[in-house]
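Let's take a walk through this protein together, going from one helix to the packing inside and then to the empty spaces. Keep the 3D view open as you read.

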Amino acid sequence: MRETDISKFTEKENESFMPDHGAKRLFKGVGRALFTLFMVLVFAGGIVAISLSIYVAGIAAEPTGINLKAKSVNQTSFIYVKNKKGKFKKYKSLYSSENRVWVNFNDIPENMKQAQIAIEDKRFFDHHGVDLNRTFGAVLHLTSGDSSYGGSTLTQQLIKNISDDNEVSLNRKIREIVKALKLETEYTKDEILEAYLNVVNYGNNCQGVQSAANLYFGKNIQKCSLAQCAAIAGITQNPSKYNPLYHPEHNKKRRELVLSEMYDQKIITKEEYKAALKESAKMKFVGFKKSNKKNIGSKIQNWYMDELQRDLQQDLATYYNISEKAASNKIFTEGLKIYSAMDQDAQSYLEKAARNINTTYDSGMQCAATMIDMKGAVIATTGSSQEKTKNLVFDRATQSVLQPGSSIKPVVVYSYAIEKGKLNYSSVVKDEPLEKYKVVNGQYVAGPNNWYHSYKGNMLLPDAIEWSANATAVQVMNTITPQAAYNQVLTLQGFTHLDEKDRTNTGGLSIGGLTGGVTVREMAATFTYMGNGGKYFKPYTYYYVTDSDGNVIIDNRFE
């Protein structure tokens, strides 16, 4: 019987099979890695797609903030206040003074319409608000850092002009696209084109083609020639660069490009094209004329109306996701009805009282004051002790961020301690310094000092408030922690101007020596929650606002 060397056989077998097994394991490992990577990408892509869908759906659910019918008639808005019988009466009119005259669609010459479409959006009547080819090109350029590529349709440009959204980002482009698609379901192409030609900036503060025709050619748009319409249409891409009064040579190149596009798109004949070029070569512009009209200054409104206007402007900007400038335009052109919370008697009293403060020892002393009811309605306010001479001037009640000093003690440290069960109204508090109160020259020092230059040991809480003791406030703050008090006032009491350093500053929120600060209105609002069961209401200057059709768009009323 033949002997077999098993070890040799095994060794040879291993030599012959190991490379194949190693290759298989290698390919198997690579395959698993690629599959894992693929699944990760699929999973991540799914999350991105879902997130994007939710984001887009959220934008689609938002109101566009665009009312073309209201724009077309440049409607006056009105502010209403309650009379002594509690009924709302018209108090003030708000209207626009911009250089714009609306022209109805049928009164705009065909050459003007076609010139604008030819140079800005030649497929205007074929798309539904978004030209996908141009949009994808714009997005690609945007992601590569180039924001100069013009991918917007006339509809998108109209939205940008009305919302004044000039942010260069992918988010803005998405918002613009969604709003454009939505707008084209709400209005016809003719209505959109009419609005565009009446709203867009044509340089030199000219809003719309009529004011542009008046300024540049001294005539109405109906009487403008083909070449003149091309000159106006060419301005929109860059109102500064193609301004015919300051850069006539740039406008000449641009208007001749407009005419070339109209000819190439077979909108005009060869004869019309040549005649327009001939006129373009010798085109002259009228420009500004001296006016015999005297400038009539607007009536000086009281401090309350300033504050209401600023509040409404911010609220509309937030509600419609537009700029504050665009929100201001809505206030003065769209026939809003604003129901103010102002108490006329209280407002008159407060302004007179502010002007009569005693400045014997400080001639430059200023004061500001705000009166708020228990549900947050601002009923009166004044931003200075001096008489107003202009509208929308600096308001010390809402725009001046100051140190509150001892007035902060009742509304932050003591009230929070009572609410959390650390104290009650008959508690005894320590009137003594903290051993480690403040760092001075690298060393902790005890404090703080009291205004009466001593410490009383123990005090009842009402006495501590009456004496305005600094040491008791800091002792209580030390037990509840500055971090807790900081979170309280930031999230529940409307303080919006604090500094991050105030989060750990024991003395800041206890005795009013903040790194940041508070406004008069913020302090008035935070004091109200002590008298209404611990409820805080954000201060407001109007109850509600309706659009030109009577629909409530912002409502501050509480049931």
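A good place to begin is the start of α12, where a side-chain oxygen of Asn302 comes to within 3.0 Å of the backbone nitrogen of Tyr304. Bear in mind that the model is a predicted one. From there, helix α12 runs over residues 303–320, and its 18 residues reach 26 Å from the first C-alpha to the last, close to the 26 Å expected at 1.5 Å a residue. The helix is mostly covered, with 14 of its 18 residues buried. Just after α12 comes Asn321, which takes a positive phi of about 55 degrees.

Now turn to the packing inside. The largest nonpolar core has 53 residues, and the members that touch the most others are Leu68, Met112, Leu158, Leu197, Tyr202, Ile221 and Ile232. Several helices give two or more residues to this core, including α3 (110–120), α5 (154–163), α7 (189–199) and α10 (248–264). The most comes from α9, which gives seven residues. Apart from this core lies another, of 34 residues, with Val81, Leu336, Tyr339 and Tyr544 among them.

Leu68 is worth selecting in your viewer. Not counting residues up to four places away in sequence, Leu68 touches Trp102, Leu158, Ile162, Tyr187, Glu191, Ile192 and Ala195. Two of these partners, Ile192 and Ala195, are also among the buried residues of α7. That helix is mostly covered, since nine of its eleven residues are buried. What covers the buried residues of α7 includes α2 (68–73), α3, α5, α6 and α8. The buried set in α7 takes in Lys189, Glu194 and Asn198 as well as Leu193 and Leu197.

Next, look at the loop between α3 and α4 (132–143), where Asp121 lies. Is Asp121 buried or exposed? Asp121 counts as buried because its relative accessibility is 0%. Leaving aside neighbours within four places in sequence, Asp121 is in contact with Gln116, His127, Arg134, Thr153 and Leu154.

Finally, where is there empty space? The structure holds three cavities of 30 Å³ or more, and about 60 Å³ of space lies in the largest. Lining the largest cavity are Ile159, Lys160, Ser163, Asp165, Arg172, Arg175, Glu176 and Lys179. The elements that give two or more residues to this lining are α5 and α6, and α6 gives the most, with four residues.

Methods
Residues are numbered from 1 along each chain as its sequence is written. This is a predicted model: local features need pLDDT of at least 70, side-chain atom pairs count only at pLDDT 80 or more; totals for chains, interfaces and linings use all residues. Side-chain values use heavy atoms; hydrogens and water are left out. The expected span of a helix is 1.5 Å times one less than its number of residues. Buried means under 20% relative accessible area, exposed over 50%, partly exposed in between (1.4 Å probe, protein chains only). A polar contact is a pair of N or O atoms within 3.5 Å; within protein, one must be able to donate a hydrogen and the other to accept it, and residues adjacent in sequence count only if both atoms are side-chain atoms. A nonpolar core is a set of buried Ala, Val, Leu, Ile, Met, Phe, Trp, Tyr and Cys residues joined through side-chain atoms within 4.5 Å. Contact means heavy atoms within 4.5 Å. On a 1 Å grid over the protein atoms alone, a cavity is a set of points where a 1.4 Å probe fits but cannot get out, and a pocket is an open set with protein on both sides within 12 Å along at least five of seven lines; lining residues have an atom within 4 Å of a point. Grid points are joined across faces, edges and corners, and a volume is the space filled by probe spheres set on the points.
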